[in-house]
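Got the fold open on your screen? Let's take a walk through it, from the overall layout down to a few single residues.

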Amino acid sequence: ESPLLEKEGIRRIYISPLVNNSYKPGAENLVYNVLLKALTVNRYIRLVEDPSLADATLSGSVSRAEYGPSASAAANSVSPLISNGAFYQKVYIATEYSAGLDCTFTLTRRNPGRDQRALVWSGNFSRSKPFIASNQLGAFGTTSALINESEFERALGDLAQSMMGDLRESMLS
């Protein structure tokens, strides 16, 4: 059995909607859905849809969900389509990006007894993951931003999965 159950007597958890404090629209929904999946595989706790039925509430926020360049190269070295002129030797373009995700969670007891504290558990999680820039895939011009954004979405999903697995282990131990 989980120490959370034994020590704290928490068997039913309500997960409140996450707050998005990042500039990435929908990041909270992605993390929330991955969180639900991560916690439903656990046999020790039961998720409930009504806070009044819960022993505790898990709440959280996404503070960062973004990506930026992490490696670059001279434009003329990335593509044979770009001339070898002096101008293109001085222009650098991103060849790799790094996606980042930061989240904070708290588990709060719904009705703490006299000898119990309201805050049961809290955790801050941060992850980053590199992904290749679209110019390395042979896509140039206006499609680059769309491909980079798509790769960012994929990296964000991977980061959320890794993070929610760690959250489950940390919260239940």
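What follows starts with the whole chain, then turns to the strands, the core, one helix and some individual positions.

A word on ground rules: this is a predicted model, so local features are given only at pLDDT of at least 70 and side-chain atom pairs only at pLDDT 80 or more, while totals for chains, interfaces and linings use all residues. Residues are numbered from 1 along each chain as its sequence is written, and side-chain values use heavy atoms, with hydrogens and water left out.

The protein has five helices and six strands. Helices here are DSSP runs of H or I with at least four residues, strands are runs of E with at least two, and both are numbered from the N terminus. Follow the sequence and you meet them in the pattern α-β-β-α-β-β-α-α-β-β-α. Of the 173 residues, 42% count as buried; buried means under 20% relative accessible area, exposed means over 50%, and partly exposed is in between, with a 1.4 Å probe and protein chains only. The accessible surface comes to about 9700 Å², and 50% of that belongs to carbon and sulfur atoms. Those areas come from the Shrake-Rupley method with a 1.4 Å probe, and for residues only the protein chains shown count as cover. As for contacts (heavy atoms within 4.5 Å), take those between residues at least 6 apart in sequence: 73% of them join residues at least 24 apart.

Now for the strands, which are taken to pair if DSSP finds at least two bridges between them. Strands β4 and β5 run antiparallel and are joined by 17 bridges; one place to look is V62, whose bridge partner in β5 is C103. β5 is also joined to β6, again antiparallel, through 13 bridges, and here L107 stands opposite W121 in β6. β1 runs parallel to β4, with three bridges between them, and Y14 has T57 in β4 as its bridge partner. β1 also runs parallel to β3 (residues 46–48), with three bridges as well; in that pairing R12 is partnered by R46 of β3.

What sits inside? The largest nonpolar core has 39 residues, and L58, L101, F105 and L107 have the most contacts inside it. A nonpolar core here is a set of buried Ala, Val, Leu, Ile, Met, Phe, Trp, Tyr and Cys residues joined through side-chain atoms within 4.5 Å. At least two residues each are supplied by α1 (3–8), β1 (12–15), α2, β4 (56–74), β5 (92–109), β6 (119–132) and α5 (143–172). Helix α5 gives the most to this core, with 10 residues.

L58 is a good place to zoom in. Not counting residues up to four places away in sequence, L58 touches, among others, I13, L35, L39, F105, L107, W121 and M171. S16 is also on its list. That serine lies in the loop between β1 and β2 (19–20), and it counts as buried because its relative accessibility is 14%. Beyond its sequence neighbours up to four places away, S16 touches Y32, T57, L58 and S59.

Next, helix α2. Its 14 residues (27–40), at 1.5 Å a residue, should span 20 Å, and its end C-alpha atoms are indeed 20 Å apart, so the two agree; the expected span is 1.5 Å times one less than the number of residues. Which of its residues are buried? They are A27, E28, V31, V34, L35, A38 and L39. They cover an arc of only 135 degrees around the axis, which puts them on the same side of α2; the arc is that of the directions from the helix axis to the C-beta atoms. An α-helix has 3.6 residues a turn, so residues three or four places apart point the same way. The face of α2 turned away from the buried side carries the exposed residues K37 and T40.

Finally, visit α5 and its surroundings. A160 is in this helix, and it is buried, with a relative accessible area of 0%. Leaving aside neighbours within four places in sequence, A160 is in contact with V31, V34 and L101. E169 is found in α5 too, but counts as partly exposed because its relative accessibility is 47%. The C-alpha atoms of E169 and L39 are separated by 9.7 Å, though the two residues are 130 apart along the chain.
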